[in-house]
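Here's a quick briefing to read alongside the model. Have the structure open as you go through the points.

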Amino acid sequence: ARIHSSLGGVLLARGRLEDAQKTLERSIELQPTAPAASNLGTLLYQRGDYPAAVSAYETATSLSPRDYRLWRNLAAGYDKAPGRQDRAAEAYRRALDLAEQERALDPTDGRVVIEVADCAAMLGEKARARALTAEALKLAPTNSEVQYMAADIYETLGDRASALRWLEAA
C-alpha cells in the first residue's frame with residue numbers, strides 16, 4: 001500500500017493522472033491511508049469531480065483528523081461541490097484551529113503562517129489574512145510556495161495588483 005501511495009503521488013505530480021488514479025485506488029484498496037486518499041482527492045479535484053474529491057478528502061481527514069492541510073483540502077472541495085458549500089466554513093475553521101496549534105509549535109515557519117492566512121481569507125477574516133500573509137512573506141521571503149499562496153490570498157481578498165506581484169515573484 002505504501003509503495004502504491006508513493007508511486008501514485010509521483011505520477012500525480014508528473015501529470016500522469018490515469019496511472020496515478022489507478023495506483024492510488026490500489027493503495028487505498030490494500031490499506032486506506034490519509035496520504036493516498038488526499039492525493040486521490042487532489043487528482044479528482046483537479047479534474048473537476050468535486051463530489052468524488054470530497055469523498056476522498058473526507059476519508060483522509062477521518063484517517064488523520066489532526067492534519068490541518070487535509071482539512072483545508074476538504075474545505076476547498078466542499079466549496080466547489082454542488083450542495084456542499086454550507087460545510088466549507090466549518091472545515092476551514094477546523095483547518096484554521098489545527099494550523100494555529102501547529103504555528104504555536106514554531107511561529108517562525110512561514111509555510112504554516114501562510115496556511116493560517118489562507119484559512120482566514122477563506123473565512124472572510126480579511127485584516128487577519130493580510131497581516132498573516134505579510135508575516136509569512138517576511139518569515140520566508142524567497143519561498144516560492146509561500147509567494148504563490150500569497151498571490152492566491154491577495155486574489156481572494158480582491159487585491160489583484162498584489163496578487164500579480166507575488167505570482168510573478170513565485
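**A salt bridge to start with**

R47 and E18 pair up through their side chains in a salt bridge, with 2.9 Å from N to O. That contact ties together distant parts of the chain, since R47 sits in helix α3 and E18 in helix α2 (residues 17-30), 29 residues apart. Keep in mind that this is a predicted model.

**Charge pairing**

- In general, side chains of opposite charge can pair when their charged atoms come close.
- Across the structure there are 17 salt bridges.

**Overall fold**

- How many helices and strands does the protein have? It has ten helices and zero strands.
- Reading from the N terminus, the order of elements is α-α-α-α-α-α-α-α-α-α.
- The protein is as compact as a globular protein of its length, because its radius of gyration of 16 Å is close to the 15 Å that the globule rule gives for 170 residues.
- The C-alpha trace spans about 45 × 30 × 30 Å along the principal axes.

**The largest pocket**

- Inside the largest pocket there's about 710 Å³ of space.
- Its lining takes in 19 residues, and R72, N73, Y148, M149 and D152 are the closest to the centre.
- Which helices each supply at least two residues of that lining? They are α3 (34-47), α5 (68-80), α7 (110-122) and α9 (144-156).
- The biggest share of the lining comes from α5, which puts in six residues.
- Sorted by character, the lining residues come out as nine charged, seven nonpolar and three polar.

**A nonpolar patch on the surface**

- Y148, L164 and L167 make a nonpolar surface patch of about 320 Å².
- L164 belongs to helix α10, which covers residues 160-169.
- Y148 turns up in two places here: it is part of this patch, and it is among the residues closest to the centre of the largest pocket.

Methods: Residues numbered from 1 in each chain as written. Predicted model: local features only at pLDDT ≥ 70, side-chain atom pairs only at ≥ 80, totals over all residues. Heavy atoms only, no water. Patch = residues over 30% accessible without salt bridge, like charges linked within 9 Å, V, L, I, M, F, W, Y side chains within 5 Å. Areas by Shrake-Rupley, 256 points an atom, 1.4 Å probe, with all protein chains shown as cover. Salt bridge = Lys/Arg side-chain N within 4 Å of Asp/Glu carboxyl O. Helix = DSSP H or I, 4+ residues; strand = E, 2+ residues; numbered from the N terminus. 1 Å grid on protein atoms, 1.4 Å probe; cavity = no way out; pocket = protein on both sides within 12 Å on 5 of 7 lines; lining within 4 Å. Points joined across faces, edges and corners; volume = space filled by probe spheres on them. Nonpolar A, V, L, I, M, F, W, Y, C, P; charged D, E, K, R; others polar. Rg over C-alpha atoms; globule rule 2.2 N^0.38 Å.
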